[in-house]
Amino acid sequence: MKSWQVVRYARPSEALELVELPSPEPGPSEVRLRVLAAPANFNDVDGCYGRYATVHPPLPYSLGMEAMGVVEAAGPGAESWLGKRIIATTAQVQGAYSEEALAPMDMIFAAPEFLSDEQAAAIFFPFHVAYVALHVRGALQAGDTLLVHAGAGGVGSAGVQLGVAAGARVFATAGGPKKLAFCRELGAELAIDYRAEDFLPAVLEATAGRGVDVILDLVGGDVTEQGFRAMAFNGRYLQAGFSGGIETEDTGLIPRPIVFGNFNYMGVMLAYGDALATKRAAHINIMPREVGVQVQESLNTLFAEKRIRPLIGERMPMEELPAALELLESRNTMGRVILSW
Ligand SMILES: NC(=O)c1ccc[n+]([C@@H]2O[C@H](COP(=O)([O-])OP(=O)(O)OC[C@H]3O[C@@H](n4cnc5c(N)ncnc54)[C@H](OP(=O)(O)O)[C@@H]3O)[C@@H](O)[C@H]2O)c1
């Protein structure tokens, strides 16, 4: 089977090679899917440079966290998934940009049957991250004000849609007029070009000086520090990404604006599985599988009612993966870039 591998750390077009590998064999509670489509994922851009700290496999390794496909083999315990159309986070978050990939049962869901393969490939990370952030962690309520950074991106555009669906007043930041128009189309009341102007005065103006109840931040760095000043009393600041520079993941936080802001600073990480075993082994909190099942059910209802929709900005053949990842990196994409074999 064909597989895109990172063979050296560099920009995607230099880091990646398309190689021939044997079919991977699923272990216990794992499935092998025939990948039909996979989205370009920002974490995989960081993976090419070797700066994605969460998982750092030795070179060479097959890239790709997220895929959609059909289960063609199942390890012990996973037989009930055979033949099913699924969306998946791949095993060890690797191998999605391959013709076949492994995925653990805890991180797969049935693809909604009313979505096409490409549409289904577009939904997993954006809608699960945004739903977990806004509802599981952030307790977003109708009437709340919500600011979504990078609101035209994959996760951001899902956050804008879910905010609107929840009855929140949604503000979004994005770079450039096309992205701002896109955010407004999705229901954002206010769209701010944070590359051209400071978003803080605009947000304070729109909330009569109060600040916003919830911020969904996928960017990090200066955007985060400035965002602290835009929070309302008792607000919820949801940190879910660092596309402005993964190195800011490790920048020490300055607690003063948090203390003086009287708001909650919250982290969001998408992972479902054996929460207790992971806590013991890695001292991190992942979410029980049941949370993911409930999130997917809620999303299915919202998709079926057409209150949210998958957003595909570009479609490309899988052979053009390096160009797709560089397009994502260049900040010139809206919604998701979907690659198909
Ligand atoms: N917490 C989790 O479990 C989890 C899971 C999946 C993804 N994520 C994170 O969510 C974020 C969004 O991922 P995505 O795949 O949906 O990507 P994306 O939002 O479609 O693309 C990244 C966007 O970030 C903005 N951006 C701001 N500063 C940037 C910079 N210096 N370089 C490039 N882009 C910059 C750009 O929008 P503007 O031009 O409008 O600024 C760009 O279009 C990523 O940080 C990713 O790591 C987190």
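**Entry 1: pairing around S6**

I count two strands as paired if DSSP finds at least two bridges between them. By that rule S6 and strand S8 (residues 108–110) are a pair, antiparallel, with three bridges. The model I'm looking at is predicted.

I then went to the other pairing I had for S6. Strand S5 (residues 66–74) runs antiparallel to S6 and shares five bridges with it. Which residue of S6 stands opposite Met68? I found Ile87 there. Ile87 also turns up in the S8 pairing, where its bridge partner is Phe109. So I have Ile87 bridged to S8 through Phe109 and set across from Met68.

Next I checked burial in S6. Four of the five residues of the strand (residues 85–89) are buried, so S6 is largely enclosed by the rest of the structure.

**Entry 2: the three-stranded sheet**

I looked up an open sheet of three strands and read its order as S2-S1-S4, with antiparallel pairing. Which strands stand at the edges? They are S2 (16–20) and S4 (61–62); each has a single partner strand, so one side of each is left without a neighbour in the sheet. For S1 (residues 2–6) and S4, I noted two bridges in the antiparallel sense. Gln5 has Ser62 of S4 as its bridge partner.

Just ahead of S4 in my notes sits a proline. The peptide bond from Leu59 to Pro60 is cis, and I read omega near -15°. Pro60 belongs to the loop between helix H2 (42–49) and S4.

**Entry 3: domains and core**

I have two domains on the list: domain 1 (2–121 + 312–321) and domain 2 (125–267). Their C-alpha centres are 29 Å apart. How many residues are in contact across the two? I get eight from domain 1 and five from domain 2. On the domain 1 side, the touching residues split into four nonpolar, one polar and three charged.

Then the core. The largest nonpolar core holds 110 residues, and those with the most contacts inside it are Ile87, Ile108, Ala130, Cys183, Val212 and Leu216. Helix H4 (residues 124–137) gives the most to this core, nine residues. Both domain 1 and domain 2 supply at least three residues each to this core. As a reminder to myself: in soluble globular proteins, nonpolar side chains tend to be buried together.

I picked Val212 for a closer look. Leaving out residues up to four places away in sequence, Val212 touches a list that includes Thr145, Leu146, Leu147, Phe171, Val203 and Thr207. Ala230, Met231, Ala232 and Gly235 are also among the contacts of Val212.

**Entry 4: helix H6**

Which residues of H6 (residues 177–185) are buried? I found Lys179, Leu180, Phe182 and Cys183. The arc they cover around the axis is only 160°, which puts them on the same side of H6. Cys183 is the one I had already met in the core list. The cover over the buried residues of H6 includes helix H5 (154–165), strand S10 (169–174) and strand S11 (190–193). On the face turned away, I noted Pro177, Lys178 and Glu185 as exposed. After H6 comes Gly187, with a positive phi near 115°.

**Entry 5: helix H12**

I ran the H6 checks on H12 (residues 321–329). Leu321, Ala324, Leu325 and Leu328 are buried there. They take up an arc of only 95° around the axis, which places them on the same side of H12. What do the buried residues of H12 pack against? I listed S1, helix H1 (12–15), S2, H2, strand S17 (312–317) and strand S18 (336–340). So S1 and S2 from Entry 2 come back here, because both are on that packing list and both belong to the S2-S1-S4 sheet. H12 is followed by Arg331, whose phi is positive, near 70°.

**Entry 6: positive phi in loops**

I went looking at two non-glycine residues with positive phi. Ala208 has a phi of about 55° and sits in the loop between helix H7 (199–206) and strand S12 (212–217). Is Ala208 buried or exposed? It counts as exposed, because I find 7 C-beta neighbours inside 10 Å and the cut-off for exposed is 12 or fewer.

His283 has a phi near 60°. I placed His283 in the loop between helix H10 (275–282) and strand S16 (287–288). His283 is exposed too, with 7 other C-beta atoms within 10 Å.

Notes
Residues numbered from 1 in each chain as written. Predicted model: local features only at pLDDT ≥ 70, side-chain atom pairs only at ≥ 80, totals over all residues. Buried ≥ 20, exposed ≤ 12 C-beta atoms within 10 Å, placed from the backbone. Arc of directions from axis to C-beta. Contact = placed C-beta atoms within 7 Å. Core = buried A, V, L, I, M, F, W, Y, C linked by C-beta atoms within 7 Å. Domains from an automatic or database assignment. Nonpolar A, V, L, I, M, F, W, Y, C, P; charged D, E, K, R; others polar.
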